[in-house]
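User: I'd like to learn how to read packing and ring features in a model. Can you walk me through some?

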Amino acid sequence: MNWVSNRWKILLMLAPTLIVFSMFVVYPVIYSGIYSFSRFQGFGDPTWIGFDNYTALFQDPFFWQALQNTIVILVVALAILIPASFALALLLQRAIPGRGTLRALVFGPAIIAPILVGLIWVFILDPKIGLLNRVLEPLGVPPIQWIGGDYLTPISVAIVFIWSSVGFAMTIFYAGLQMLPADVMEASSLDGATGWQQIRFITIPMMRETFAIVTILMITNIFKIFELVYMLTGGGPVHRSETLVSYMYFVTFTNQQYGYGMALAVIITILGALVSIGYLVAMRRKEAVA
């Protein structure tokens, strides 16, 4: 009976969180899933059309362009962000002059609203008025289409995302480094291990869970990128710089194709979950082999 009473106490304490979570997460997901099988323009009654939205989606060239851009951003951002943030955490763990100030400067962009981050970088990357092309012009470099072109836009978005997220990822890595047992490091030093050997064979293996947390967080954040693209290019020209979420916003709220947009939202959710689960499975298999 004591266990039963404790269980009800736990459920009562969790009830407010579960209610809020259900209202703002579970219900919208279910709502989107149901309406993705309908033709709905935001008013009137939806018309059930089965899988027509999904069929049209996979035949939509703009969807494939947005998916390609999102994949490029994902690959570039993860390839640079994870090593860079971990290296910064290692650096800031050392007793260097101005460590506290440097830590605040690195973390600073993480607290800026994404819409403002995009606005800041417009004045840096814009091919006509951007600071970067103005700096390169005296060096004889012709104007470069950093944003709004065919190729560099997703890479530029990835760089901006890295700038705004590296401080957050660094903070998580820094907290993980503080939790490592000092006696293990001291023992390895006494055994003659160099700093690089400690990082490679002790620090990184002991922080696998931290690496997993940071990577999953960054994957989910990349699949949610909207404000940066909205401010940098607006998805143009002709949807060439869209990400999945920015294209979903366009078809849902600009074209008022709510059913089609919800089908796209379902696909984005599935893709984000598959990438995250795939990474976790690969990491578990690597641990099992090791």
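User: Let's start with handedness. In which sense does helix 3 pass helix 7?

Analyst: This is a predicted model, and in it helix 3 passes helix 7 in a right-handed crossing. Handedness goes together with an angle and an axis distance. Here helix 3 and helix 7 (residues 152–178) pack at about 35°, and their axes are 6 Å apart.

User: What classes of residue make up the contact of helix 3 with helix 7?

Analyst: It's a nonpolar-rich one: 25 nonpolar residues and 5 polar, with no charged ones.

User: And what about helix 10? At what angle does helix 3 cross it?

Analyst: Roughly 145° for helix 3 (residues 61–93) against helix 10 (residues 208–222), with the axes coming within 10 Å. Angles here run from 0 to 180 degrees between N-to-C directions. The crossing of helix 3 past helix 10 is right-handed. On the helix 3 side, the contact residues include Thr70, Ile73, Leu81 and Phe86, while helix 10 brings in Phe211, Val214, Met218 and Ile222, among others. By class, the contact of helix 3 with helix 10 has 12 nonpolar residues, 2 polar and no charged.

User: Phe86 is an aromatic residue, so let's do rings. How should I read a ring pair?

Analyst: You describe a pair of aromatic rings with two numbers, the distance of the centres and the angle of the planes. Searching the whole structure turns up 22 aromatic pairs. Take Phe86 and Phe173: the ring centres are 5.4 Å apart and the planes sit at 70°, so this pair is edge-to-face. The cut-off behind that label is a plane angle over 60 degrees.

User: Why does the pair of Phe86 and Phe173 tie together parts that are 87 residues apart in sequence?

Analyst: Because Phe86 lies in helix 3 and Phe173 in helix 7. So the ring pair joins the two helices whose crossing we began with.

User: Are Phe86 and Phe173 buried or exposed?

Analyst: Buried means under 20% relative accessible area. Phe86 is at 7%, so it counts as buried, and Phe173 is buried too, at 0%.

User: What does the pair of Tyr249 and Phe253 look like?

Analyst: That one is tilted, with 5.3 Å from centre to centre and 45° between the planes. Tyr249 and Phe253 both sit in helix 12 (residues 244–254), 4 residues apart, which is about one turn of the helix. Tyr249 is partly exposed, with 32% relative accessibility, and Phe253 is partly exposed as well, at 49%. Both rings also belong to one aromatic cluster, whose members include Tyr27, Phe40, Phe226 and Tyr258.

User: How do I compare distance in sequence with distance in space?

Analyst: Put the two separations side by side. Gln93 and Ala175 are 82 residues apart in sequence, with their C-alpha atoms 9.7 Å apart. Ile172 and Ala263 are 91 residues apart in sequence, and there the C-alpha distance is 34 Å.

User: Which residues does Gln93 touch beyond its neighbours within four places in sequence?

Analyst: Gln93 is in contact with Arg99, Tyr174, Leu177 and Gln178. Gln93 lies in helix 3 and is partly exposed, at 33% relative accessibility. Ile172 is found in helix 7, and, with the same neighbours left aside, Ile172 is in contact with Thr210, Val214 and Leu217. Val214 is also among the helix 10 residues that meet helix 3.

User: Now some backbone geometry. Which peptide bond is cis?

Analyst: The one from Gly236 to Pro237, with omega near -5°. Pro237 lies in the loop between helix 11 (227–232) and helix 12.

User: What is phi for Val238 and His239?

Analyst: Phi is near 55° for Val238, a positive value in a residue other than glycine. His239 likewise has a positive phi, near 65°. Val238 is placed in the loop between helix 11 and helix 12, and His239 lies in that loop too. Their accessibility contrasts: Val238 counts as exposed at 58%, whereas His239 counts as buried at 14%.

User: Last one, the whole protein. How many helices and strands are there?

Analyst: There are 13 helices and 2 strands. Of the 290 residues, 38% are buried. For contacts with a separation of 6 or more, 66% come from residues 24 or more positions apart.

Terms used. Residues numbered from 1 in each chain as written. Predicted model: local features only at pLDDT ≥ 70, side-chain atom pairs only at ≥ 80, totals over all residues. Heavy atoms only, no water. Left-handed = near helix turned anticlockwise from the far one by under 90°. Contact = heavy atoms within 4.5 Å. Nonpolar A, V, L, I, M, F, W, Y, C, P; charged D, E, K, R; others polar. Buried < 20%, exposed > 50% of the residue type's maximum accessible area, 1.4 Å probe, protein only. Phe/Tyr/Trp six-rings, centres within 6.5 Å; stacked < 30°, edge-to-face > 60°.
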